[in-house]
Amino acid sequence: MVRIAPSLLACRFAELGSEVRAVDRAGAEWIHVDVMDGHFVPNITIGPLIAEAVRGVTERTVDVHLMIADPDRYVADFARAGADVITVHAEAAGHLHRTLGLIRGLGAKAGVALNPATPLSAVDEVVDRIDLLLIMSVNPGFGGQAFIPEAVDKVARARSLIESRRPGEVALQVDGGVDAETAPALVAAGATVLVAGSAVFGHPGGAAAGVQAIRSAVAGTSWSGARH
């Protein structure tokens with residue numbers, strides 16, 4: 001099943017609770033919380049207090065994406081805030097194996113994100129310790145960027161890696177430029193969680209319509225390598 005994870009980076013923060021409830025009612029399975037620190041990426045967004053506020057208005061999976069330097073300092077704060085999934089960047093974690101163990105030890109699922117120029121080999125030694133692999137299809141730091149087409153092939157290779165080591169156990173997420181046009185190719189390549197910001201919260205029909213547009217676009221689409 002493909003899960004849709006609206007990114008709050010694109011929502012109206014003055015109406016945060018209403019925005020979360022709207023995509024919740026529309027059937028979005030995950031709520032994606034983008035955390036940026038102005039160091040690892042050139043932007044500053046939100047912290048644990050916002051994650052806690054999101055947790056307070058939804059029972060959906062709260063999916064925290066840490067685009068921050070030295071993530072070990074903050075994973076406990078986000079776990080206490082109610083994050084179900086905490087994803088760190090391979091490029092930012094000095095001791096990735098230890099960081100993933102820390103996240104799991106706090107009771108959250110552990111994810112690793114890879115920037116567009118980072119090879120899949122960066123996670124080869126930790127595949128057995130992750131619950132999610134996030135392929136960035138834009139360079140992190142800002143919402144509304146154009147989708148990088150080469151990400152589709154990277155997703156396909158990531159799916160092959162997962163299936164060779166831990167079939168059915170690791171979610172494969174894509175973040176950046178995901179919309180009704182790009183989503184079908186990503187799902188066919190093996191993506192199971194689609195992060196969408198502008199395509200949801202910037203949809204002319206509203207956030208719920210944005211979720212439904214992506215849902216309709218991928219209906220009937222599945223990983224092309226799936227066994228029948």
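The second largest pocket of this predicted model encloses about 310 Å³ of space, and of the 24 residues that line this pocket, those closest to its centre are G143, G144, G176, G177 and G197. Strand 2, strand 8 and helix 7, which spans 198-201, are the elements that each give two or more residues to this lining. Sorted by class, the lining of the second largest pocket holds 12 nonpolar, 9 polar and 3 charged residues.

Both of the strands just named belong to an open sheet of 8 strands, which pair in parallel and follow the order 1-8-7-6-5-4-3-2. Strand 1 (3-6) and strand 2 (30-36) each have a single partner strand, so they stand at the edges and one side of each is left without a neighbour in the sheet. From one strand to the next, the twist averages 25 degrees. At one of these edges, strand 1 pairs with strand 8 (residues 193-196) in the parallel sense over 4 bridges, and within this pairing P6 has A196 of strand 8 as its bridge partner.

The largest pocket holds about 410 Å³ of space, and it too is lined by 24 residues, of which M1, R3, R159, V170 and T192 are the closest to its centre. Here the lining divides into 11 nonpolar, 6 polar and 7 charged residues.

One of those central residues, R159, also takes part in a contact with an aromatic ring, since R159 lies over the face of W223 at 5.9 Å from the ring centre, inside the 6 Å limit applied to such contacts. Pairs between aromatic rings, by contrast, come to a count of 0, where a pair would require ring centres within 6.5 Å.

Terms used. Residues are numbered from 1 along each chain as its sequence is written. This is a predicted model: local features need pLDDT of at least 70, side-chain atom pairs count only at pLDDT 80 or more; totals for chains, interfaces and linings use all residues. Side-chain values use heavy atoms; hydrogens and water are left out. Two strands pair if DSSP finds at least two bridges between them. Axes are lines fitted to C-alpha atoms, for helices over the stretch in contact, and angles run from 0 to 180 degrees between N-to-C directions. Rings of Phe, Tyr and Trp (its six-membered ring) pair if their centres lie within 6.5 Å; planes under 30 degrees apart count as stacked, over 60 as edge-to-face and the rest as tilted. A charge sits over a ring if NZ of Lys or CZ of Arg is within 6 Å of the ring centre and within 35 degrees of the ring normal. On a 1 Å grid over the protein atoms alone, a cavity is a set of points where a 1.4 Å probe fits but cannot get out, and a pocket is an open set with protein on both sides within 12 Å along at least five of seven lines; lining residues have an atom within 4 Å of a point. Grid points are joined across faces, edges and corners, and a volume is the space filled by probe spheres set on the points. Ala, Val, Leu, Ile, Met, Phe, Trp, Tyr, Cys and Pro count as nonpolar, Asp, Glu, Lys and Arg as charged, and the others, Gly among them, as polar.
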